[in-house]
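Work through the exercises below with the sequence and the model side by side. Try each task before you read its solution.

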Amino acid sequence: MVANLGAPLASVATAADETSRRRPNVLFVAVDDLACSVGCYGDLIAKTPNIDRLAATGTCFRRAYNQLPLCNPTRASVMTGLRPDTIQVYDLDRHFRDQVPDVLTLPQAFQKRGYFAARVGKIYHYNVPASIGTDGFDDPPSWNRTVNPKGRDVADEPMIFNAEPHRAISGALSWLAADGSDEEQTDGMVATEAIKIMREKRDEPFFLGVGFFRPHTPYVAPKRYFEMYPLESLRLPYAPPHDRDDIPVAAFAQNCPVPNYGLDEMTLLKATQAYYACVSFVDAQVGRLLDALDDLDLADDTIVVLWSDHGYHLGEHDGVWQKRTLFEQAARSPLIIRAPGQTACGDCHKIVEFVDLYPTLTDLATIKSPPGLAGHSLRPLLENPDAEWDEVAITQVLRPADNRLNEPVMGCSIRTSRYRFTEWAEGKHGTELYDHQADPNEFDNLALEADDNAHAVMDRLRPLLRSKASGKIPTTPFNPERL
């Protein structure tokens with residue numbers, strides 16, 4: 001538990017100026033491919049008591065949106081505080097320093113103020129599972145130390161069931177109910193190594209990035225987590241008949257062009273079970289981190305952030321799986337922040353973006369942000385979740401040319417408190433408008449047969465969207481096979 005909840009957030013700034021010991025630490029927890037399939041986000045299936053207790057003692061941003069629902073671009077955006085169009089990262093191969101070589105990353109900003117910055121596991125992009133145990137697609141200037149655990153899940157790869165044998169397990173619906181303990185798995189080792197660093201550095205300010213690899217495919221977790229989700233308790237998401245008829249072709253990702261990959265219902269339910277098993281497994285590791293903060297008397301001096309790089313589909317819209325879409329399920333991601341001295345705890349329903357993370361953390365630690373950051377500090381919402389806040393969220397994704405699209409297509413989407421408006425190639429390849437007040441599951445595309453009100457909404461949102469994200473084909477390099 002956090003003890004000093006009665007003190008104002010302003011006390012963080014005072015403490016930061018007194019002694020280096022009392023500057024707030026940052027525990028920066030990233031979870032790979034975690035949808036809002038968490039209890040505190042209203043998921044009635046998920047068993048996530050530890051993430052839920054973090055949310056109860058901090059702020060759970062119920063409407064937080066990533067900038068591009070693919071691992072490398074979104075992580076690069078978070079860590080630089082810049083939008084994909086600025087860093088020109090849209091695929092899994094391009095490094096942000098190719099475009100902005102001198103950018104000051106978030107952990108570098110803390111290093112400049114005398115913090116020890118370390119990474120355990122996946123913060124920047126990794127090819128999962130192939131790069132587990134390596135530095136992945138890292139950024140060496142960001143860290144004073146890196147630790148790359150490699151657990152038995154890697155050795156057990158030959159045992160993984162692949163529902164789509166023609167695809168690699170990294171992108172297929174694939175899973176394993178593993179033998180052994182949590183601590184033998186890579187993510188269990190990530191938690192163990194992170195706790196070691198917290199113990200070692202407890203007397204100096206630290207920025208500790210802790211990156212969990214699950215629930216990214218293959219879905220691997222100890223058997224007991226699978227047993228928490230009996231197959232008979234699970235259902236596939238509802239979609240009305242002909243749900244896809246009013247949705248542009250470009251809206252569906254190239255890696256999932258066929259509904260449900262053509263798989264039968266029982267296989268899909270087993271994949272759902274495996275995904276939730278991994279969510280609960282990672283939740284247990286988050287609990288170990290939170291317990292360690294308490295045991296080491298660091299909870300009162302540590303900003304805790306938990307985020308996922310993007311959302312995730314589990315069969316919505318008649319069979320969409322995984323990421324790479326601009327629907328709500330992929331664009332919306334978990335984001336929870338707990339700050340020392342926080343008085344207002346619980347849910348915040350304001351629209352926020354992941355580029356807001358960088359200026360928020362520097363603000364809380366009274367560290368000067370570099371100029372040009374795309375986001376805004378969320379500190380006012382940590383102090384009052386109902387504070388005046390008039391922001392929107394922008395998410396985009398680049399499609400390769402394929403047998404469906406005759407050219408690469410950039411999709412750009414803007415989310416307001418009520419609407420989601422999406423353009424594909426500035427409308428050339430389709431437009432979508434959803435009214436979340438009446439249609440939270442985005443079943444009715446109002447842009448297809450737009451009435452006067454729909455036209456007025458689109459006319460109002462279009463210039464704002466285009467001012468923040470370009471629908472043009474990028475002129476910088478990208479790998480079509482890695483979009």
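**Exercise 1: Cysteines**

C36 counts as buried because its relative accessibility is 15%, where buried means under 20% relative accessible area, exposed over 50% and partly exposed in between, with a 1.4 Å probe and protein chains only. The model is predicted: local features need pLDDT of at least 70, side-chain atom pairs count only at pLDDT 80 or more, and totals for chains, interfaces and linings use all residues. Residues are numbered from 1 along each chain as its sequence is written, and side-chain values use heavy atoms, with hydrogens and water left out.

Task: find how many disulfides the model has.

Solution.
- Start with the rule: a disulfide is a pair of cysteine sulfur atoms within 2.5 Å.
- Take C36. Its closest cysteine sulfur is in C60, 8.0 Å away, which is too far for a bond.
- Take C278. The nearest cysteine sulfur belongs to C71 and is 14 Å away, and C278 is in no disulfide.
- C278 is buried too, at a relative accessible area of 0%.
- The count by this rule is 0 disulfides.

**Exercise 2: Strand 18**

Task: say which strands pair with strand 18, and in what sense.

Solution.
- Locate the strand. Helices (H or I, at least four residues) and strands (E, at least two) are DSSP runs, numbered from the N terminus. Strand 18 covers residues 419-424.
- Apply the pairing rule: two strands pair if DSSP finds at least two bridges between them.
- Strand 17 (residues 409-415) pairs with strand 18 in the antiparallel sense, over 5 bridges. A hairpin of 3 residues joins the two. Within this pair, G411 has W424 as its bridge partner.
- Strand 19 (residues 431-435) also pairs with strand 18 in the antiparallel sense, over 5 bridges. Here R420 stands opposite Y434. The hairpin has 6 residues between the strands, and A425 in the turn has a positive phi of about 55°.
- Check the cover. In strand 18, 6 of 6 residues are buried. One side holds Y419, F421 and E423; the other holds R420, T422 and W424.

**Exercise 3: Helix 3**

Task: find what covers the buried residues of helix 3.

Solution.
- Helix 3 spans residues 71-80, and 10 of its 10 residues are buried. Among them are C71, P73, R75 and M79.
- The cover includes strand 1 (25-31), helix 4 (84-87), helix 5 (106-112), strand 10 (302-308) and helix 12 (357-364).
- Just after the helix, G81 has a positive phi of about 70°.
- Now look along the chain. T80 and P370 are 290 residues apart in sequence, yet 9.8 Å apart in space, C-alpha to C-alpha. P370 sits in the loop between helix 12 and helix 13 (379-383).
- Leaving aside neighbours within four places in sequence, P370 is in contact (heavy atoms within 4.5 Å) with L104 and Y358.

**Exercise 4: A helix pair**

Task: state at what angle helix 2 and helix 9 pack.

Solution.
- Helix 2 (residues 49-56) and helix 9 (residues 265-295) pack at about 50°, with axes 7 Å apart. Axes are lines fitted to C-alpha atoms, for helices over the stretch in contact, and angles run from 0 to 180 degrees between N-to-C directions.
- The two are therefore oblique to each other. Under 35 degrees counts as roughly parallel, over 145 as roughly antiparallel, 65 to 115 as roughly perpendicular and the rest as oblique.
- Among the residues that meet are I51 and L54 in helix 2, and V286 and L290 in helix 9.
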